[in-house]
Amino acid sequence: LDAAYKLNSRISFDGGLYRITNRDMERNATLAAMRTFYNLDKDFDAYLQLSHLMNSSRATYAVSVGANVSPPAGGAQTGTMVGLRYKF
């Protein structure tokens, strides 16, 4: 499920709710993500993203990847990201 909203010519929001279902291993998760974009120029944006992942009791999915960053089975994780986006 995704949605987007343009507040004005400079600021827009989008986000989504995503579900991972793994019936064979009974490992499921739900991810909620929200992004805010600030238009600096026609093709150049600054953005902020916030995500929260909720695992089922056997799942160990992570918002981010890397060594030792996965939550324990059944745990949750929150991640943020700030960046610049250039569209060409």
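How many salt bridges does a search of the whole structure find? The search turns up 5, and several of them get their own close-up below. Keep in mind that this is a predicted model.

**View 1. Five strands sit side by side in an open sheet.** The order is E1-E2-E3-E4-E5, and the pairing is antiparallel. At the edges you'll find strand E1 (2–6) and strand E5 (76–86), each of which pairs on one side only. Neighbouring strands are turned against each other by 10 degrees on average, ignoring direction.

**View 2. Tyr5 belongs to edge strand E1.** With a relative accessibility of 51%, Tyr5 counts as exposed, because the cut-off for that label is over 50%. Setting aside neighbours within four places in sequence, Tyr5 is in contact with Ser12 and Phe13. For a sense of scale, look across to Val82: its C-alpha atom is 19 Å from that of Tyr5, and the two residues are 77 apart along the chain.

**View 3. Strands E2 and E3 make a hairpin.** Strand E2 covers residues 11–22 and runs antiparallel to E3, with 12 bridges joining the two. One pair to pick out is Thr21 with its bridge partner in E3, Asn28. Between the two strands there are 4 residues, and Glu26 in the turn has a positive phi of about 55 degrees.

**View 4. Arg35 and Asp14 form a salt bridge.** Their closest N and O atoms are 2.7 Å apart. Arg35 lies in strand E3 and Asp14 in strand E2, so this pair ties together parts that are 21 residues apart in sequence. Is Arg35 buried or exposed? It counts as buried, because its relative accessibility is 16% and the limit for buried is under 20%. As a general point, side chains of opposite charge can pair when their charged atoms come close.

**View 5. Glu26 shows up again, this time in a salt bridge with Arg58.** Here the N to O distance is 3.7 Å. The pair links distant parts of the chain, 32 residues apart: Glu26 is in the loop between E2 and E3, while Arg58 is in the loop between E4 and E5. Glu26 is exposed, with a relative accessible area of 52%. Arg58, at 43% relative accessibility, counts as partly exposed.

**View 6. A second hairpin joins E3 and E4.** This one has 2 residues between its strands. Strand E3 (residues 27–41) and strand E4 (residues 44–55) run antiparallel and are joined by 12 bridges. You can follow the pairing along the strands: Thr30 has Met54 as its bridge partner in E4, Leu31 stands opposite Leu53, and Tyr38 stands opposite Ala46.

**View 7. Side chains along E4 take turns between two faces.** In a regular strand, this alternation between the two faces of the sheet is what you'd see. Asp45, Tyr47, Gln49, Ser51, Leu53 and Asn55 point to one face and are buried. Pointing to the other face are Phe44, Ala46, Leu48, Leu50, His52 and Met54, which are not buried.

**View 8. E4 also pairs with E5.** The two strands run antiparallel, and 11 bridges join them. His52 is a handy landmark here, as it stands opposite Thr78 in E5.

**View 9. Asp45, Arg85 and Lys87 are linked in a network of salt bridges.** Zoom in on Asp45 and Lys87, whose side chains meet at 3.3 Å, N to O. Where do these two sit along the chain? Asp45 is in strand E4 and Lys87 is in the segment after E5, so the pair links distant parts of the chain, 42 residues apart. The two ends of this salt bridge carry separate labels: Asp45 counts as buried at 3% relative accessibility, whereas Lys87 counts as partly exposed at 35%.

Technical notes: Residues numbered from 1 in each chain as written. Predicted model: local features only at pLDDT ≥ 70, side-chain atom pairs only at ≥ 80, totals over all residues. Heavy atoms only, no water. Pairing = 2+ DSSP bridges. Axes fitted to C-alpha atoms, helices over the stretch in contact; angles between N-to-C directions. Buried < 20%, exposed > 50% of the residue type's maximum accessible area, 1.4 Å probe, protein only. Contact = heavy atoms within 4.5 Å. Salt bridge = Lys/Arg side-chain N within 4 Å of Asp/Glu carboxyl O.
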